[in-house]
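Below is a set of questions and answers for a reader who wishes to examine a model with care.

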Amino acid sequence: MKKQPEITEKTRQMFIEVFCELYSQKPIEKISIREIANKSGYNRSTFYQYFADIYELLDSVENDLLNDIKKELANKELSMHTVQDALYCLDKREHLLVLSALLGDYGSTRFLKRIKKEITLHQLELDVPQNHSFTPYLIEFYLTTSLSLFRLWLQRQKDLSSEEFFKLVENLYSRGITPYFKE
């Protein structure tokens, strides 16, 4: 007897949600399959029907999110002029749990590297010198700063509206931090 696709996806999604909750609270090395299965309401053998181990689950979570970014950008027919365009695609309620885990205190730098790898130089309309020795540093600064600010915003429970946050990031790049200092 074959399982219904809706039930299969619901079960898979439950494992992902529980994993993300746990990964937001502790390092991946401290998360067990038994814990994920118990909190999901399933047994370990059911977990293994979906994932070989916790690291395959992590890969799946990362891949799903990166694919969502690509689809969102393609659907909006946006060229990724800025990292903010990509981050704007992530500013969705359905991504919040996953992002809080992947970009949280116990998240891996590997995911940040994967995002940066997805955003290639030709996708960014940065007016930086091509093939100059410090160009990679400028790009790294731009990408890392944007991702770090987005991470902080999530950690602060989105204490600014989306519009305020993206405007702040844009202003920081265009005008710098000096206008925000007290005189």
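**Core, helices and surface**

Q: Which residues touch the most other members of the largest nonpolar core?
A: A nonpolar core is a set of buried Ala, Val, Leu, Ile, Met, Phe, Trp, Tyr and Cys residues joined through side-chain atoms within 4.5 Å, where buried means under 20% relative accessible area, exposed over 50% and partly exposed in between, with a 1.4 Å probe and protein chains only. Of the 37 residues in the largest such core, those that touch the most other members are Phe19, Tyr23, Ile36, Leu57, Val61, Leu102 and Phe150.

Q: How far can the coordinates be trusted, and which helix has the lowest confidence?
A: This is a predicted model, in which local features need pLDDT of at least 70 and side-chain atom pairs count only at pLDDT 80 or more, while totals for chains, interfaces and linings use all residues. Residues are numbered from 1 along each chain as its sequence is written, and side-chain values use heavy atoms, with hydrogens and water left out. The chain averages a pLDDT (the predictor's confidence in each residue, from 0 to 100) of 83, and 83% of the residues score at least 70. Confidence is highest in helix α2 (residues 33-40), at 97, and lowest, at a mean of 68, in helix α5 (residues 83-90).

Q: How many helices are in the protein chain?
A: Helices (H or I, at least four residues) and strands (E, at least two) are DSSP runs, numbered from the N terminus. The protein chain has zero strands, and its helices number nine.

Q: Which residues does Phe19 touch, not counting residues up to four places away in sequence?
A: Contact means heavy atoms within 4.5 Å. With residues up to four places away in sequence left out, Phe19 touches Ile28, Ile31, Ile36, Ile54, Leu57, Leu58 and Val61.

Q: Is Thr46 buried or exposed?
A: Thr46 is found in helix α3 (residues 44-50), and it touches Thr11 and Phe15, not counting residues up to four places away in sequence. Because its relative accessible area is 13%, Thr46 is buried.

Q: How many Å apart in space are Asp68 and His95, C-alpha to C-alpha?
A: Asp68 lies in helix α4 (residues 54-75) and, with a relative accessible area of 33%, counts as partly exposed. Asp68 and His95 are 27 residues apart in sequence, and their C-alpha to C-alpha separation in space is 9.3 Å.
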